[in-house]
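User: I should like to understand how descriptive terms are justified for a protein model. Please take me through the reasoning term by term.

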Amino acid sequence: HHEQLSPEKLVQALCQADDVDAQMSQLVQLFELSESERRLRHLLVTLFQEVFSEFFPGCAILPFGSSVNGFDIHGCDLDLFLDLEKTKTFQASAKGPPGAQVRMDVLGTKCTPLQAEEGAGPDSDSEDSILSDIDLTTATVPEVLELVAAVLRKCVPGVHSVQAVHSARRPVVKFCHKDSGLLGDISINNRLALCNTRFLQLCTEADERVRPLVYTLRNPFGGGPLLNNYALTLLVLFFLQTRSPPALPTLAQLRELTGDGNQAIVDGWDCSFSQDTSRLVPSANTESLCSLLAEFFRVFGDHDFAGCVISLQEGRALPLPSFLLSEVGAKLKLGPFNVQDPFELSHNVAANVNEKIALRFQHCCQDGAKYCRSLQYQRKSSKGKAWGLVRLFQPGVLEAGELGLDGLLITIPFTLMALSPGSRQQLCQARDFRRCWFDKVCAAITFVLKDVLKCSCTGPAGEPTEQGGGEQPIVGSKHPRSDEGGSLSVSPAKKRPRPEGPAPEEEESVSWSCAVWHRVWMGRRRVRRQLRHLGSPQPDAEQEAGSLEVEEKVSEAIIQQEGDSMGSEPLLRFTACARVGGGQEDTRTLLCFTPTPQQGLLFQDFYHFLQGFLPRMVERYVGRAAWGGQ
Ligand code: ATP
Ligand code: MG
C-alpha cells in the first residue's frame, strides 16, 4: 500500500521549494507511481497474461491509460486491453476438424477444481470449459466480457469484486486486486486507447514541461466533475501546441514524419504518427513552467469553448461553422466544451461537460489567471506564508485575499429583522454593541456547524465574549454545546495576545477547526421533501422547511441514507475564522474558510452551499435564541 500523502506534508514540501517551477516539478515527484507500485503493476500484467493465454491462445494483455501514459498518480487504476486478434485467427484456422479447439481442454482441467461455478449453465457438465461454445469472431462484446469476467473470478488468484460493466461507452470488466487494493479494468474493444496512450507518452518524452504542467492542473481541475483526466491532459497538450513558438508538434506534423508504409488504421481512423522522438525537431519554445501555467489560465479563462472545436490533429481551434460542414463535424456531439479526440475525430472527449461545469472551469481559469499575476504566486514568502501553487490550490482564495484574509469568505450581515423587540432593545443598549452582536453570530455559527450540519468541530477558540472592564457580559460566555459531544476534542483558546485595557475590536477573532464526515450539503431539498411527506399532515409553524429543527433532521436523514460509510478520514477539513467587519460602522461578520489543500472541488461544493445556507441559519438562530443568555 502506498502511504497517503497528507495535505500538511504537501504544503510543507511545496513551501520549501525555491520557485514555482520547482514546485511544479516537485508535484510530479510527489504524485507519480513509486518503483514498487510500478513493479506490482508489472507483475499483475504478467500474471494476467499467463492466465489469459491459457484460455485465449495468442492473446495479449496490454496496459494503457495512466499506468503507462506518463500521467500516473499513486493509486490510479490499471487499465488493461485484452487483444484477441491472434486468438481469433487461431480459432478460425482451427475450425473444421472436430475437437480442434485445443485450449478448451486446457480450460477444463484448469478450472474444474473450482466447481460450483455460476458460470456453468444447467446443461454443461463440469468437464466443460468456460470457453467451450464461444466463437470469438461471432461472439458479442457482452458475451466475451462475461467470459473474461469468469476467467478472472475463477482462475486469477488474489482478485475480487469482478464485474462486467456493459453500459459504459467502452464496456469493461472491473476488478480489484486484494492485497494492494488496486482497481482495474479490462476492455476488449478499445484499441484506440492504445494509440492515444502512445501519443500522450510521446508528448511527455518530447518536452519535459508537459508532465509538471498536467500534474499541476490536475489539482484544481482534474479527476473531478470538471474534466476527466484524459480531457484535461489533451487540453494541456493543445495549449502547448498553440504556444508561439509551439512547444509541441501537432498530430498532422507527427504524421508527416512517418514513412508512407507505416500507416496504422484503427477502427477506421488513421492513427499513424511518428513514435520516434529523435526525429522531432526540438522546440524553440523556452517559456518557464511558472509562466506557462499563468498563460494556461489566461488563455482558457477567455476561450470560447462552445464556439469552436479544439483539434490536436491540427493544433488549432476549429471554428464551428466550417467544422460542421466537414464529414466528422456532422457526427461529433457538440456541447459547451468541445475537445476533439486526436484520433477518433468524431468523438468529443468532453461531451459530458454541461453548461454549468464549463462556466465553472472558465471561472477557475479566470481566478487562476488573476492569482498568477500576484506577487504571492511568483515569489517565495520569506515569512513562511503560503505562496505559489499552495495558494492556487485553495479555491476562492482571491476573493478573500482582497480583504486581507486567507481563505474563502462568507459575509453575515447584521439584521435587526430577526430579533424580537426585547432582544433589539437589549442589543441597542449594550455598551459594546458590535461585539455583542458578533458573539451572538459566533454562537449561531457553532450551532449550525455542529448541531445542524453535524460537523465535528473544535472551538470556537478565541472567546469573543469576555469584555474588558468589570461589566457583566451580555451574552453568556459559553456558546451552546460548543464543547460537548463525545468525539469532539476542544482545542484551547488560541486568542491573540491582548494588551491591557479595552481591546480594539479589530483584534477580535474566533476560530473553529472542523471536519465534515458526510455529504450533508447534497440533496437537502429532496430529503426535506421526504421528511415533510412523512411528517404530520399539519406541521406547526416552527417545523416549517428551513427551521433549525427541520434542518437538523435533514442532516440526520442524509447521514442515515449514506449508511455507515463513514471512513476513518473525514471528507473535508477546514478552519473557519470569524471577525467583525473592518470599518468603524461595519456590523458585518466576516467568516473566512480555509480548507486543507487538495480538497479542491469537494470543498468548493461545500463552500457554495454554505454561502447560501449559513447566513440564513444564523439569522434563524439569533432570531430564535433567547437574547441575553439567561
Ligand atoms: P486516471 O485513471 O488516472 O484517471 P486515465 O488516463 O487512465 O487516468 P481513464 O478514465 O482510466 O483515465 O481512461 C483510460 C484511458 O482511456 C485514457 O488514458 C484514454 O486513453 C482513454 N479514455 C478515457 N476517457 C476517454 C474519453 N472520454 N474519450 C476517449 N478516450 C478516453
Ligand atoms: Mg485509468
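Analyst: The questions that follow concern a predicted model, and each answer sets a value against a definition.

User: What makes up the protein as a whole, in helices, strands and buried residues?

Analyst: The protein has 21 helices and 14 strands. Of its 630 residues, 50% are buried. About 30,200 Å² is exposed, and carbon and sulfur atoms supply 52% of that area. Among contacts with a separation of 6 or more, 70% are between residues 24 or more positions apart.

User: Why is Gln-29 called exposed?

Analyst: The term exposed requires a relative accessible area over 50%. Gln-29 has 57%, and therefore it is exposed. Gln-29 belongs to helix 2, which spans residues 20-31. Its C-alpha atom is separated by 9.2 Å from that of Pro-212, although the two residues are 183 apart along the chain.

User: How do you know that helix 8 is largely enclosed by the rest of the structure?

Analyst: Helix 8 covers residues 210-218, and 9 of its 9 residues are buried, so the helix is largely enclosed by the rest of the structure. Pro-212 is one of these buried residues, and Arg-211 and Arg-218 are also among them. The buried residues pack against helix 2, helix 7, helix 9, helix 11 and helix 15.

User: Why is Asp-83 called buried?

Analyst: Buried means a relative accessible area under 20%. The value for Asp-83 is 14%, so the residue is buried. Asp-83 is found in strand 2, residues 78-83. Leaving aside neighbours within four places in sequence, Asp-83 is in contact with Cys-59, Ala-60, Leu-62 and Arg-191.

User: What makes the pair of Asp-83 and Glu-85 a polar contact?

Analyst: A polar contact needs a pair of N or O atoms within 3.5 Å, one able to donate a hydrogen and the other to accept it. The backbone nitrogen of Glu-85 lies 3.1 Å from a polar atom of the Asp-83 side chain. The distance of 3.1 Å falls within the cut-off, and the pair is counted as a polar contact.

User: What is meant by the largest nonpolar core, and which residues touch the most other members?

Analyst: A nonpolar core is a set of buried residues of certain types, joined through side-chain atoms within 4.5 Å. The largest one holds 81 residues, of which Phe-199, Leu-235, Phe-296, Phe-300, Phe-337 and Phe-361 touch the most other members. Helix 9, residues 229-241, provides the largest share of this core, with 9 residues. A second, separate core has 46 residues, including Cys-514 and Leu-614. In soluble globular proteins, nonpolar side chains tend to be buried together.

User: Which residues does Phe-199 touch, not counting those up to four places away in sequence?

Analyst: Among them are Leu-237, Leu-251, Phe-273, Pro-342 and Phe-343.

User: How do you know which residues belong to the shell around ligand 1?

Analyst: A residue is included if one of its heavy atoms lies within 4 Å of the ligand. There are 17 residues around ligand 1, and Ser-66, Asp-77, Asn-196, Asn-229 and His-347 come nearest. The shell divides into 5 nonpolar, 8 polar and 4 charged residues. Helix 7 gives the most to this shell, with 3 residues.

User: What polar contacts does ligand 1 have with Ser-66, Asp-79 and Asn-196?

Analyst: The cut-off for a pair of N or O atoms is 3.5 Å. An oxygen atom of ligand 1 is 2.8 Å from a polar backbone atom of Ser-66. For an N or O atom in the side chain of Asp-79, the distance to a ligand oxygen is 3.0 Å. For a polar side-chain atom of Asn-196, it is 2.4 Å. The protein covers 77% of the 580 Å² of accessible area that ligand 1 has on its own.

User: Why is Lys-454 called partly exposed, and what is its phi?

Analyst: Partly exposed lies between under 20% and over 50%. Lys-454 has a relative accessible area of 25%, so it is partly exposed. Its phi is positive, about 60°, although Lys-454 is not a glycine. Most residues other than glycine have a negative phi. Lys-454 is placed in the loop between helix 18 and strand 11.

Technical notes: Residues are numbered from 1 along each chain as its sequence is written. Chains are lettered from A and ligands numbered from 1 in the order in which they are written. This is a predicted model: local features need pLDDT of at least 70, side-chain atom pairs count only at pLDDT 80 or more; totals for chains, interfaces and linings use all residues. Side-chain values use heavy atoms; hydrogens and water are left out. Buried means under 20% relative accessible area, exposed over 50%, partly exposed in between (1.4 Å probe, protein chains only). Helices (H or I, at least four residues) and strands (E, at least two) are DSSP runs, numbered from the N terminus. Contact means heavy atoms within 4.5 Å. Accessible areas come from the Shrake-Rupley method with a 1.4 Å probe; for residues, only the protein chains shown count as cover. Ala, Val, Leu, Ile, Met, Phe, Trp, Tyr, Cys and Pro count as nonpolar, Asp, Glu, Lys and Arg as charged, and the others, Gly among them, as polar.
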